[in-house]
Amino acid sequence: MNCSSNAVVAPPTLMAAANIHRRHYSLSASSFPPPYSRRFLNTHLFVSPKPPQHPTKTISISFSVLRISLQNNRRNCRSSASAFNNPDSKPEENEKRLEEAREAVRDYLEQAGAPGEDAAIISVNCPNYLKMLIDGVDDLDDWNTWSAAASPSQEITADALDFRTKVYRMAEQKKDNGILPFLESLGLSLSSANHLARYLSSSKSNGLPLLVHKVKYVKEILFSDSDEHELIGKNARRMMAHLSISTDDDVQQTLAFFEKIQARRGGLNLLASENTSFRHLIESFPRLLLTPLQSRVKPLVQFLEDIGVPKRLVRNILLLFPPILSYDIDKDIKPRLRSFQKIGVKDNDLGKMLVKYPWLLSASILENFEKVLDFLDEEKVPKILSSRAIKNWPHILGCSVSKLKLMVDQLSEMGITNKKLGQVIATSPQLLLRKPQEFLQVVSFFKNLGLDEESIARTMSRCPEIFAASIDNTLEKKLTFLSDIGISKTHLPRVIRKYPELFVCDVDKALLPRMRYLVKLGLSRNDIGFMVRRFSPLLGYSIEEVLRPKTEFLVKTMGRSVREVVEYPRYFSYSLEKKIKPRYWALKGRNVEFTLKEMLGKNDEEFASDYLDILVPPSS
């Protein structure tokens, strides 16, 4: 007998016997030879009044239910293993039995309504289910208890049925309608699949064909685009890192789902990986398979698109907050989203906010939303600025008010309060999520570069993003770049005061390409460093929108050397159409010799008076 960790139920239709009077009979241990004893058998067996003494022969027993309690140690409770598991069996025989079992399961799945191609895929990807069926067949072969379903008076031996038919009939008797092997093919363990299959198979609305179609649709929505794995993982980590409030069950379940993915090699970047994520998704949220496709899932996807979520980003919301799939649009989602109307959020804003922070729809985040608004009101932050901060960075709604207050207090010490505070958090709301010690480290970083507290406070007001940046990954990289182009420590304070935005420009995507463009024009690194010292915003200008068109006009139209911009790099700050071209053509028409500074450095009144012989009255 097979005593594995799975129970095998002998099918009543296969166990029918000739008209035998049935009564309840409790088996004694002596009824079965070793290694079978009472502990391996349930006592609820319907047998003939006189128990058989030789179970290896054909037995005239009509089983209403034969349930074998399977123990952990198969080796000690079976006299012989099945060919599927026995290493002594010939490989050819093992493979033949396995292939026949697959064919039987495929036939059964097709009979349950699965398309042929899907049935074939499922039958190949449910090894534990196949093993369970094969073990069950071998158990009944050992007992020689196969009986003809067609004729209750006919008793047959195990050899009367071919192996494939036995596996098919064993699958029929599981009464899971093909759902159990399908769930295992999705990656669920057999125990998890068995538990879930009991619920799914009890409802006609979750029949195998509908379930297969539902899973295909959900997989297509969640995993059709594989280009944003890192982006989804990054947002999941950010959402977790900035959560400091008590959460509801839906967020708790989502966090447990994230932890399962995080434990895998590759971490949360695997959230968008079908092979890793989907089985954990179903295990964590089994009710998703109970959710109606036509009346709930598809309308939800359409609703998200209607409020401005791009179709390719719908999956971001579903993967980062799976409980939304079971939410009712009219009863759950719309009322919660209406809560954000008080900060002036429109439909398109809601779509953008949900992509950034799908937990917006959770009860705990909505509750904290009210607390955050009240706190910012108490700090006298203008509502228009607090609203902009929440819309731009909804992650702050997962942060407790007590934690937000720690950062607000730090900003207050630098003179950033009321309207200034609103301007800072509207521009860089993520600054509120920093730990005070991290913020103070950035302040110390700039002090060490030679900036005083007043300059740091002005820098904060002008470019607060700097103080939310990483010292090692962002600020130090900018210092290295500036040093490489010849900006000494002596000149750093001036460069930072004039153009602090330089510290939030991407080195690889912005600063280096712009520097290389200028080098390609014939300028050296020292030239560029000299230009940056004189005009700090230089490397903040786009190549295509500013540097290239103005350089081409200088060289091709004006006939000037590109080296003239070394002496006057501010040339790039003036509008080509509104100032450079009009003044050049005006001076050229009068054959006036001029430098770039003479042409552009004067205001309109001075220019008209000096070069056009026009007296312009001073403005009153």
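This report walks through the fold, the charged pairs, the packing around one methionine and two backbone angles of the structure above.

## The chain as a whole

The model is predicted, and local features are described where pLDDT is at least 70. The protein chain has 620 residues, and 49% of these count as buried. Its secondary structure consists of 30 helices and four strands. If you look at contacts between residues at least 6 apart in sequence, 73% join residues at least 24 apart. The accessible surface comes to about 30,000 Å², with 48% of that belonging to carbon and sulfur atoms.

## Salt bridges

Side chains of opposite charge can pair when their charged atoms come close. In this model the count of salt bridges is 28. Three of them are set out here, with the distance taken between N and O atoms.

| Positive residue | Negative residue | N to O distance |
|---|---|---|
| Arg97 | Asp138 | 3.0 Å |
| Arg164 | Glu103 | 2.9 Å |
| Arg462 | Glu501 | 3.0 Å |

A good place to begin is the salt bridge between the side chains of Arg97 and Asp138. Arg97 belongs to helix H2 (residues 91-111) and Asp138 to helix H4 (residues 127-143), so this pair ties together parts that are 41 residues apart in sequence. Are these two partners buried or exposed? Arg97 counts as buried, because its relative accessibility is 14% and the cut-off for buried is under 20%. Asp138 is also buried, at 8% relative accessibility.

Next comes the salt bridge of Glu103 with Arg164. This pair links distant parts of the chain, since Glu103 sits in helix H2 and Arg164 in helix H5 (residues 163-174), 61 residues apart. Arg164 is partly exposed, with a relative accessible area of 29%.

Further along the chain, Arg462 pairs with Glu501. Here a helix meets a loop: Arg462 is in helix H21 (residues 453-462), while Glu501 is in the loop between helix H23 (492-498) and helix H24 (507-520). The two are 39 residues apart, and the pair links distant parts of the chain. Arg462 is partly exposed, its relative accessible area being 43%. Some salt bridges also share partners, and in this way Glu95, Glu99 and Arg102 are joined into one network.

## A positive patch

Where do positive charges gather into a surface patch? Arg494, Arg497, Lys498 and Arg570 form one. Among them, Arg494 has its place in helix H23. With a relative accessible area of 35%, Arg494 is partly exposed, and this value is over the 30% that a patch residue needs.

## Around Met599

Let's turn to the packing around Met599, which has its place in helix H29 (residues 596-600). At 0% relative accessibility, Met599 counts as buried. Which residues are in contact with Met599, leaving aside its neighbours within four places in sequence? They are Met558, Ile580, Arg583, Tyr584, Leu587, Phe594 and Phe607. One of these, Tyr584, is 15 residues from Met599 in sequence, and the C-alpha atoms of the two are 7.3 Å apart in space.

Met558, another residue in contact with Met599, can also be placed relative to Lys588. The C-alpha atoms of Lys588 and Met558 are 9.2 Å apart in space, and the two residues are 30 apart in sequence. Lys588 lies in helix H28. In contrast to the buried Met599, Lys588 counts as partly exposed, at 44% relative accessibility.

## Two positive phi angles

Most residues other than glycine have a negative phi. Two asparagines are worth a look against that background. Asn418 has a phi near 45 degrees, a positive value in a residue other than glycine. Asn418 is found in helix H19 (residues 418-427) and is partly exposed, with a relative accessible area of 37%.

The phi of Asn591 is near 55 degrees, again positive in a residue other than glycine. Where does Asn591 lie? Asn591 is in the loop between helix H28 (576-589) and H29. With 69% relative accessibility, Asn591 counts as exposed, because the cut-off for exposed is over 50%.

Notes:
Residues are numbered from 1 along each chain as its sequence is written. This is a predicted model: local features need pLDDT of at least 70, side-chain atom pairs count only at pLDDT 80 or more; totals for chains, interfaces and linings use all residues. Side-chain values use heavy atoms; hydrogens and water are left out. A salt bridge is a side-chain nitrogen of Lys or Arg within 4 Å of a carboxyl oxygen of Asp or Glu. Buried means under 20% relative accessible area, exposed over 50%, partly exposed in between (1.4 Å probe, protein chains only). Contact means heavy atoms within 4.5 Å. Accessible areas come from the Shrake-Rupley method with a 1.4 Å probe; for residues, only the protein chains shown count as cover. Patches are made of residues with over 30% relative accessible area and no salt bridge: like charges are joined within 9 Å, nonpolar side chains (Val, Leu, Ile, Met, Phe, Trp, Tyr) within 5 Å. Lys and Arg count as positive and Asp and Glu as negative; His and the chain ends are not counted. The place of a charge is taken as NZ of Lys, CZ of Arg, CG of Asp or CD of Glu.
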